[in-house]
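Trainee: I've got this one open on my screen and I'd like to walk through how the strands fit together. Mind if I fire some questions at you?

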Amino acid sequence: MTPRMNLFAAIALLAFTIEATPVWAGADDYVFEPVSVDVRNGAGSELAVRLVHKPTGKLVAGAAIFRTRIDMSPDQMGTMTAKHSPIPETEPGVYRFKADLTMAGRWAFKLMAKVQGEPATIEGSVIFLAKD
Ligand SMILES: [Cu+2]
């Protein structure tokens, strides 16, 4: 596939994943998006997501992200995971992580978060494309 097709596939898969995930109506108002789909393959690669409150289009700062997983499920390698750790939030509503990616291709960044005033857990799956 060309990189362009890969990107379309990633977006299509992301849309499908969000569609297919049953969520509470409240949690459905929020979505995690990639700041940039393309990331560098390798150790210490930076993955950034923003959390958007869909009805207002505003970024949501101060979310408590309590569970994360990065794996290659978009490329049928769901057991291939990447070690990662958060970088302190500097830009409100943008959440950055350093991840040790070990392979070029598509990585799913799965997140569970809580935000103030929303009782439901917010779940997201954001696909990044690692390039050598
Ligand atoms: Cu892989």
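Trainee: Which residue of β9 is the bridge partner of Thr68?

Mentor: Keep in mind that this is a predicted model. Strand β5 covers residues 64–72 and β9 covers residues 105–114, and the two run antiparallel, joined by 7 bridges. Arg67 stands opposite Met112 in β9. For Thr68, the bridge partner in β9 is Leu111.

Trainee: And on to β10: which residue there is the bridge partner of Ala108?

Mentor: β9 also pairs with β10, residues 122–131, in the antiparallel sense. That pairing runs over 9 bridges. Look along β10 for the partner of Ala108, and you land on Ile127.

Trainee: What is the order of the strands in the open sheet?

Mentor: Start from the pairs we just went through: β9 is joined to β5 by 7 bridges, and β9 also pairs with β10. The open sheet has 5 strands, with mixed pairing. Read across, the order is β2-β10-β9-β5-β6.

Trainee: Why is one side of β2 and of β6 left without a neighbour in the sheet?

Mentor: β2 (38–40) and β6 (77–81) each have a single partner strand, so one side of each has no neighbour in the sheet. Neighbouring strands here are turned against each other by 45 degrees on average, direction ignored. As for the reason you asked about, β2 and β6 stand at the edges.

Trainee: Let's try a single residue. Is Pro86 buried or exposed?

Mentor: Pro86 is found in strand β7, residues 84–87. Count the other C-beta atoms within 10 Å of Pro86 and you get 11. The cut-off for this class is 12 or fewer, so Pro86 is exposed.

Trainee: How far apart in space are Pro86 and Lys98, C-alpha to C-alpha?

Mentor: In sequence, Pro86 and Lys98 are 12 residues apart. In space, C-alpha to C-alpha, the distance is 6.3 Å.

Trainee: Zooming out, what share of the contacts with a separation of 6 or more comes from residues 24 or more positions apart?

Mentor: The protein has 1 helix and 10 strands, and from the N terminus on, the helix is followed by the strands. Of its 132 residues, 25% count as buried. For residues 24 or more positions apart, the share of those contacts is 65%.

Terms used. Residues are numbered from 1 along each chain as its sequence is written. This is a predicted model: local features need pLDDT of at least 70, side-chain atom pairs count only at pLDDT 80 or more; totals for chains, interfaces and linings use all residues. Two strands pair if DSSP finds at least two bridges between them. Helices (H or I, at least four residues) and strands (E, at least two) are DSSP runs, numbered from the N terminus. A residue is buried if 20 or more other C-beta atoms lie within 10 Å of its own, exposed if 12 or fewer, and partly exposed in between; C-beta atoms are placed from the backbone. Two residues are in contact if their C-beta atoms, placed from the backbone, lie within 7 Å. Axes are lines fitted to C-alpha atoms, for helices over the stretch in contact, and angles run from 0 to 180 degrees between N-to-C directions.
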